[in-house]
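Q: I'm new to this one, and I'd like a close look at a single part of it. Could you walk me through the aromatic cluster and what surrounds it?

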Amino acid sequence: MTDGQLSCSTVIITQKMETLLEDEEESQTTDGQSELIPNFSCSNVIIEEIFSRLPVQSILRSRSVCKPWHSFISDPSFTNFYFSRATLRLFLSAYDNSTRKRYFLSAAHDGGSVTRLITLDNTLLINDAAEAEHLNGLVCFTSANGILAPNEAVVLNPSTRNIFKHPVTYASSSSSSEVYTCYLFGFDESRNEHKVLNIRMSGDKLFEPSAVDILIFSMSSYSWRKVNVELPIDVARDHLYFYIKRSVCVDSVIHFMLVYSFDILAFDLRTEKFSKISPPRDVVPRDLRTAYTRDGKVFAKYNHPRLIKINGCVGVVCHDRVVESNEMHIWMLQDYERCVWVKETVTFPESWIKLDSPFPLDSINTDEIIFSPSRLSRFVISVLIYNMKSRRFRSVQFTLKHPLCSEHMEFDQIKCYVESIVPLQRNITRT
């Protein structure tokens, strides 16, 4: 079957689906069973091809047509197949300081208008400390992973617009009053399961934790489970309690960087064991902070390296000299077993400060890196995309509509995601 025939079949099945949905109440038999089963003389392979080309909302409606369709669409094998064929889009997050509303947004990866997905009212997800990571159709959004701010984690499916807030318990194995907790998102490929790693530290003094609890939240059973595992570091000496903010998951392993030694701590979701990875050379910043001036205002830039996932590899962004050199260095761990790091030098086309201080956040495909957005006007934001093959930047613009054009709106996250029908319980009110 050609693409044209498949496209025609998609239209036919969509129209048939709409008609069946409208006539559902009139098509019931006397024994209460539906006669909505479509009589298509085609194989499951062709049906799978047709369904995989429908938009998510049409897929979700199709599940209500009949039991065979519901069973077919709900099968994990079709969920995985649909994900492999789905469209790449961008996930954006913005926070309105005046209303304390958090907005989750979506846009095409090549620019255009921004679509509002979900709005959270009076959220504790603090604007300048929020992080997001996309893994296999779901996005985990976490607040400041630090002891001085509230910590929360929500998981959402941008395609179905379902959102799940993780249950929080500050109970610890210690009776101490000071508790620090962080949430790190991962995907266990061996079980085809999303998981959240929770590290909780407690102690009688603010910066001297005496107890560490490691828990895993399963997105399949929706429950926490404590893990008995040894940490390959000294918690107090390595300051594990401080500034665990950003993590990346590669090949079922969650990675995050220690703030003082700059070693990378790795937790394997398959074996549920920790290991330590040596960072690339020159990763230690020459200065911990750099002050610079923009539009007559003085800003302080913290020079800690940042983790990023590029081309399916763990990456480390070194940016301590970008103000003076206009360059950033991105190290990629290309040989995991032998710990071989390869450096990519990114040179900005003009002053990094004038470009509104962009930072790399995610990779769109195997060649391109997307940077943090900047505001061109009330109605337009711009995003720089760097191509590692051509070593050139291009700029992509996105248009905003009310209420996103508010002057109090700050855009803090932009990541790639692939549309999916991965099921997700909803336990939080959305608007």
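A: Let's start with what counts as a ring pair here: rings of Phe, Tyr and Trp (its six-membered ring) pair if their centres lie within 6.5 Å. With that in hand, here's the cluster: ring pairs link Phe 51, Trp 69, Phe 72, Phe 78 and Tyr 82. Keep in mind that you're looking at a predicted model.

A bit of background on the chain helps. It has 431 residues, and 53% of them count as buried. There are 6 helices and 28 strands to find your way through. Searching the whole structure turns up 20 aromatic pairs.

One of those pairs sits inside our cluster. Phe 72 and Phe 78 are 5.5 Å apart, centre to centre, with 45 degrees between the planes, which makes this pair tilted. Phe 72 and Phe 78 are both buried, too.

Now for the helices that carry these rings. Take helix H4, which spans residues 67-74. Trp 69, Phe 72 and Ile 73 are its buried residues named here. Look down the axis of H4 and the buried residues fall within an arc of 90 degrees, so they line one face of the helix. The general idea is simple: an α-helix has 3.6 residues a turn, so residues three or four places apart point the same way.

Helix H5, residues 76-85, tells a similar story. Phe 78, Thr 79 and Tyr 82 are buried there. Viewed down the axis of H5, the buried residues fit within an arc of 105 degrees, so they too line one face of their helix. Turn to the face pointing away from that buried side and you'll meet the exposed residues Pro 76 and Ser 84.

What lies over the buried residues of H5? The cover includes helix H2 (44-52), helix H3 (56-62) and helix H4 (67-74). Phe 51, another member of the cluster, falls within the residue range of H2.

If you step outside the cluster, there's another ring pair to compare. Phe 91 and Phe 104 are stacked, at 5.7 Å centre to centre and 25 degrees between the planes. Phe 91 belongs to strand S1 (residues 88-96) and Phe 104 to strand S2, so this pair ties together parts that are 13 residues apart in sequence. Phe 91 is buried, with a relative accessible area of 1%, and Phe 104 is buried as well, at 0%.

Those strands, S1 and S2, take part in an open sheet of 4 strands, ordered S4-S2-S1-S28 and paired antiparallel. At the edges are strand S4 (115-120) and strand S28 (409-418), each pairing on one side only. From one strand to the next, the twist averages 20 degrees. Zoom in on strand S2 (residues 101-108) and S4, and you'll find 5 bridges joining them. One place to look is Leu 105, whose bridge partner in S4 is Arg 116.

While you're at S28, note Cys 416: at 6% relative accessibility, this residue counts as buried. Cys 318 is buried too, at 5% relative accessibility. As for disulfides, a search of the whole structure finds 0.

To come back to where we began, the cluster brings together Phe 51, Trp 69, Phe 72, Phe 78 and Tyr 82 through ring pairs. Trp 69 and Phe 72 are among the buried residues of H4, while Phe 78 and Tyr 82 are among those of H5.

How values were computed:
Residues are numbered from 1 along each chain as its sequence is written. This is a predicted model: local features need pLDDT of at least 70, side-chain atom pairs count only at pLDDT 80 or more; totals for chains, interfaces and linings use all residues. Side-chain values use heavy atoms; hydrogens and water are left out. Buried means under 20% relative accessible area, exposed over 50%, partly exposed in between (1.4 Å probe, protein chains only). Helices (H or I, at least four residues) and strands (E, at least two) are DSSP runs, numbered from the N terminus. The arc is that of the directions from the helix axis to the C-beta atoms. Contact means heavy atoms within 4.5 Å. Two strands pair if DSSP finds at least two bridges between them. Axes are lines fitted to C-alpha atoms, for helices over the stretch in contact, and angles run from 0 to 180 degrees between N-to-C directions. A disulfide is a pair of cysteine sulfur atoms within 2.5 Å. Rings of Phe, Tyr and Trp (its six-membered ring) pair if their centres lie within 6.5 Å; planes under 30 degrees apart count as stacked, over 60 as edge-to-face and the rest as tilted.
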